[in-house]
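User: Please take a close look at one buried position in this model and then explain, step by step, what surrounds it and how the rest of the chain is arranged.

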Amino acid sequence: MNKNNKEKKICNFPDCELEGDYRAPIGYESLNDYQWFCLEHIKEFNKSWNYHNKMNSDEIENDIRFDTIWRRPTKSFGSGAKFYNFSINGEDMGSFENPNAKQSGHSNKLLWSLSKLDLDIKTDLNLIKKRYKELAKKHHPDIKGNSKNSIDKFREIVDAYNYLLERYKK
């Protein structure tokens, strides 16, 4: 035993008597079980080891994607029961229908959207963007706190902004 009360490990390479300071997996089936090598032999092992060797291209792609989330289970964006989807950077992430907005036609949705951003019907795209940025900064849940009222207010602002953007793109 050495001074750290750890058992001294010998290199697993045949006929090597050096201390094994570097661990390596025993095989593909037992990645959490280790063997120990000295510096010279761990370099050889690393040159020959290919984790993806026995995988096809689809399995490799899935493994790489799983690594991007640190191998933890996740839910897709907007999958929560109380989450309202909206568009981000022009990409439609789903739709949000405000229960308080009148649903009888585009003109009512337009008026509702303009009122949420405190704008009038003669507004232009630059003013819409400017007003949205002001209101988003003012009512963002990270700033106002994660209360239900602030989240709902922010969602209404985002919904109104997205509607007006789509309308002015036409």
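Analyst: In this predicted model, the position to begin with is His-41. Its relative accessible area is 9%, which is under the 20% cut-off, so His-41 counts as buried. His-41 belongs to helix 1, which covers residues 39–48. Beyond the residues up to four places away in sequence, His-41 touches Cys-11, Phe-13 and Cys-16.

The wider setting comes next. The protein has 170 residues, of which 26% count as buried. Its secondary structure consists of 6 helices and 2 strands, and along the sequence these follow the pattern β-β-α-α-α-α-α-α. Of the contacts between residues at least 6 apart in sequence, 37% join residues at least 24 apart.

The two strands may be considered together. Strand 1, residues 22–25, pairs with strand 2 in the antiparallel sense, over 4 bridges. Within this pairing, Pro-25 stands opposite Tyr-34 of strand 2. In a regular strand, side chains alternate between the two faces of the sheet. Strand 2, residues 34–37, has Gln-35 and Phe-37 on its covered face, whereas Tyr-34 and Trp-36 lie on the uncovered one.

Attention now turns to the helices. The axes of helix 4 and helix 6 come within 10 Å and cross at roughly 165°. An angle over 145 degrees counts as roughly antiparallel, and helix 4 and helix 6 are therefore roughly antiparallel to each other. The crossing of these two helices is left-handed. Where they meet, helix 4 contributes residues including Leu-125, Ile-128, Tyr-132 and His-139, while helix 6 contributes residues including Phe-154, Ile-157, Tyr-161 and Leu-164.

Several of these residues also appear in the largest nonpolar core, which has 17 residues. The members that touch the most others are Leu-117, Leu-119, Ile-128, Tyr-132, Tyr-161 and Leu-164. Helix 3 (106–116), helix 4 (125–139) and helix 6 (148–169) each give two or more residues to this core, and helix 6 supplies the largest share, 8 residues. Ile-128 offers an example of the contacts involved: leaving aside neighbours within four places in sequence, it is in contact with Leu-117, Leu-119, Thr-123, Tyr-161, Leu-164 and Tyr-168.

Apart from that core lies another, of 7 residues, and Cys-11, Ala-24, Phe-37 and Ile-42 are among them. This returns the account to its starting point, since Cys-11 is one of the residues that His-41 touches. Phe-37, also a member of this second core, is on the covered face of strand 2.

Methods. Residues numbered from 1 in each chain as written. Predicted model: local features only at pLDDT ≥ 70, side-chain atom pairs only at ≥ 80, totals over all residues. Heavy atoms only, no water. Core = buried A, V, L, I, M, F, W, Y, C linked by side-chain atoms within 4.5 Å. Buried < 20%, exposed > 50% of the residue type's maximum accessible area, 1.4 Å probe, protein only. Contact = heavy atoms within 4.5 Å. Pairing = 2+ DSSP bridges. Axes fitted to C-alpha atoms, helices over the stretch in contact; angles between N-to-C directions. Parallel < 35°, antiparallel > 145°, perpendicular 65-115°, else oblique. Left-handed = near helix turned anticlockwise from the far one by under 90°.
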